[in-house]
Amino acid sequence: MTNWTRRGFLGSLPAAAATLPLAAQQSGRRPAMKITDLRCAVIGRNPVVRIVTDQGISGYGQAESTKPYLKPMVLFYRDYLLGEDPTDVGRVMMKIRRMGAFKPWGSAVSAIEIALWDIAGQAAGVPVYKLLGGKIRDRVRAYNGGVRFPMTGQTPQDYAENMAKMKESKEGFTLIKQAVGFHNPAMMRAIPNGWYDEPRSGPPHADRGLLTERGLAHIVSCVEAMKKVLGSEIGLALDCGPGWTVKDAITFARALEPLHITWLEDLITGDYTPYPNAELFREVTQSTSLPIHTGEQIYLRENFKDLIEKQAVNVIGPDPEDVGGLAELKWIAEYADLHGILVAPHGIFDGLIGLAAHVHLAAALPQNYIAFEYPVGQPEWWYDIVEGLPNPTMKQGFIDVWDRPGLGVTFRVQAARARLAEEDRGFFD
Ligand SMILES: [Mg+2]
């Protein structure tokens with residue numbers, strides 16, 4: 001166990017002063033901490049960022065497991081960080097935030113931001129949520145976007161059976177998200193002539209076009225079957241696109257209105273679309289009573305401005321590992337709240353360091369918070385190399401917020417070292 005108290009700020013912990021150099025004690029100022037290294041290792045498929053300082057504290061951040069190629073991008077920022085005081089998170093971020101972009105290129109900046117908060121929390125002897133404004137809630141709700149079971153087919157019955165398994169999962173989720181429509185190529189390709197284009201190959205979510213009557217009917221039938229299983233006990237959200245036409249989106253939303261779906265996500269743009277289309281989203285949003293959701297790929301508050309100010313959607317879903325980090329997401333959530341817009345952060349691939357970051361953030365978000373998307377440790381051995389998460393992590397769909405300084409999770413170094421690739425061997429040294 002690290003000796004946190006020795007690193008507390010002057011005044012916050014009496015023991016701290018005794019360990020500072022004499023000059024610092026006399027001036028009453030703590031000598032500035034300095035960043036001495038920025039490292040990145042791909043552990044499993046998650047790029048993990050480690051920021052090393054001259055005072056024995058390290059901070060960790062993580063990027064999505066879908067981005068094992070990110071390491072050179074993380075290291076690009078190294079020279080800008082060396083010598084900076086990591087506890088001045090805002091000043092460090094000011095240097096690098098403009099050097100990112102929509103998913104995937106905001107991830108490196110975001111992971112660095114999270115690692116800075118981890119350091120700042122440890123240095124101050126407080127959990128990160130305190131630095132984000134303090135706790136609004138003692139336990140945080142997370143929704144199921146990643147606890148999945150193999151599909152047996154693509155009929156409504158198959159979707160119902162699969163949903164029944166998720167309903168029984170040990171985490172006890174109160175809200176489950178399911179992929180449908182163009183977000184679920186297997187569902188779409190199971191129907192001959194489901195839309196007026198041919199299936200496209202390449203990176204995910206390439207399909208788009210006008211749905212046929214048969215295509216739309218199949219999607220609606222699958223949703224009805226799943227909703228029947230969940231009843232009113234557990235919420236159902238749908239990740240739908242991108243790629244829908246505005247008119248299909250409206251027809252679909254209206255057909256589902258009696259089912260009280262929690263939200264319809266990314267119908268128009270989303271995932272890796274490098275822009276949000278506020279005007280088209282607004283048209284859909286104004287045409288239905290179902291909440292319309294987008295935002296997981298968006299980088300920085302500036303790119304949420306139109307969506308929020310034009311009331312283009314009802315729910316935004318920034319991912320802390322893509323949007324620019326925890327403080328960036330907190331600011332966006334507050335601004336959304338001013339405009340009557342809810343927030344449900346994306347997070348399925350954010351890994352276990354990411355899970356910890358989500359918990360601290362969610363604890364400090366305003367009352368427009370719904371739930372964050374629960375990241376699953378993949379491969380399974382991730383649970384053996386990280387310590388500090390509650391056991392079990394979730395209880396009845398909620399996670400208790402912990403109070404250890406920083407993110408409050410760290411690596412079991414010996415076990416984690418065994419998972420490092422040869423080129424990353426010195427990551428924990
Ligand atoms: Mg999504």
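A residue is called exposed here if 12 or fewer other C-beta atoms lie within 10 Å of its own, and buried if 20 or more do. With that in hand, one can turn to helix α10 of this predicted model, where Glu213, Arg214 and Lys228 are exposed, whereas Gly215, Leu216, His218, Ile219, Cys222, Val223, Met226 and Lys227 are buried. These buried residues cover an arc of only 165° around the axis, which puts them on the same side of α10, and the three exposed residues named above lie on the other side of the helix. The 18 residues of α10 should span 26 Å at 1.5 Å a residue, and because the end C-alpha atoms are 26 Å apart, the two values agree. After the helix comes glycine 231, which has a positive phi, near 55°.

The neighbours of α10 lead further into this part of the chain. Its buried residues pack against α8 (156-167), β5, α9 (185-189), β6 (235-239) and α11. Helix α11, which covers residues 246-256, has its own set of buried residues, namely Asp248, Ala249, Phe252, Ala253 and Leu256. Seen down the axis of α11, these fall within an arc of 130°, so they line one face of the helix. What they pack against is α10 (213-230), β7 and α12 (278-286).

Several of the strands just named belong to a sheet. This open sheet has six strands in the order β5-β6-β7-β8-β9-β10, and the pairing is parallel. At its edges stand β5 (175-179) and β10 (342-343), each of which pairs on one side only. Within the sheet, strand β7 (residues 264-265) runs parallel to strand β8 (residues 292-294), and two bridges join them; glutamate 265 stands opposite histidine 293 in β8.

A second open sheet has three strands, in the order β11-β4-β13, and here the pairing is mixed. Its edge strands, which pair on one side only, are β11 (372-373) and β13 (398-400). Strand β4 (residues 139-143) and β11 run parallel and are joined by two bridges, with tyrosine 143 standing opposite glutamate 373 in β11.

It helps now to step back to the chain as a whole. The domain assignment divides it into domain 1 (5-125) and domain 2 (139-417), and the centres of the two, taken over C-alpha atoms, are separated by 29 Å. The contact between them takes 31 residues from domain 1 and 27 residues from domain 2. On the side of domain 1 that touches domain 2, the elements giving two or more residues are β2 (46-53), β3 (58-62) and α6 (107-124), and the largest share, 11 residues, comes from α6. By type, the residues of this side of domain 1 divide into 12 nonpolar, 14 polar and five charged.

Each of these three elements of domain 1 can be followed in turn, beginning with the helix. α6 has 18 residues and reaches 26 Å from its first C-alpha to its last, close to the 26 Å expected at 1.5 Å a residue. Since 18 of its 18 residues are buried, α6 is largely enclosed by the rest of the structure. Just after α6, glycine 125 takes a positive phi of about 75°.

Strand β2 is likewise largely enclosed by the rest of the structure, because six of its eight residues are buried. It has pairing partners in β1 and β3. Strand β1 (residues 35-43) runs antiparallel to β2, with eight bridges joining them, and isoleucine 35 stands opposite threonine 53 in β2. These two strands form a hairpin with two residues between them, and in the turn glycine 44 has a positive phi of about 65°. The pairing of β2 with β3 is also antiparallel, over five bridges, and the bridge partner of arginine 50 is tyrosine 60 in β3. In the hairpin that β2 and β3 make, there are four residues between the strands, and glycine 56 takes a positive phi near 80°.

Note on methods:
Residues numbered from 1 in each chain as written. Predicted model: local features only at pLDDT ≥ 70, side-chain atom pairs only at ≥ 80, totals over all residues. Domains from an automatic or database assignment. Contact = placed C-beta atoms within 7 Å. Nonpolar A, V, L, I, M, F, W, Y, C, P; charged D, E, K, R; others polar. Pairing = 2+ DSSP bridges. Expected span 1.5 Å × (residues − 1). Arc of directions from axis to C-beta.
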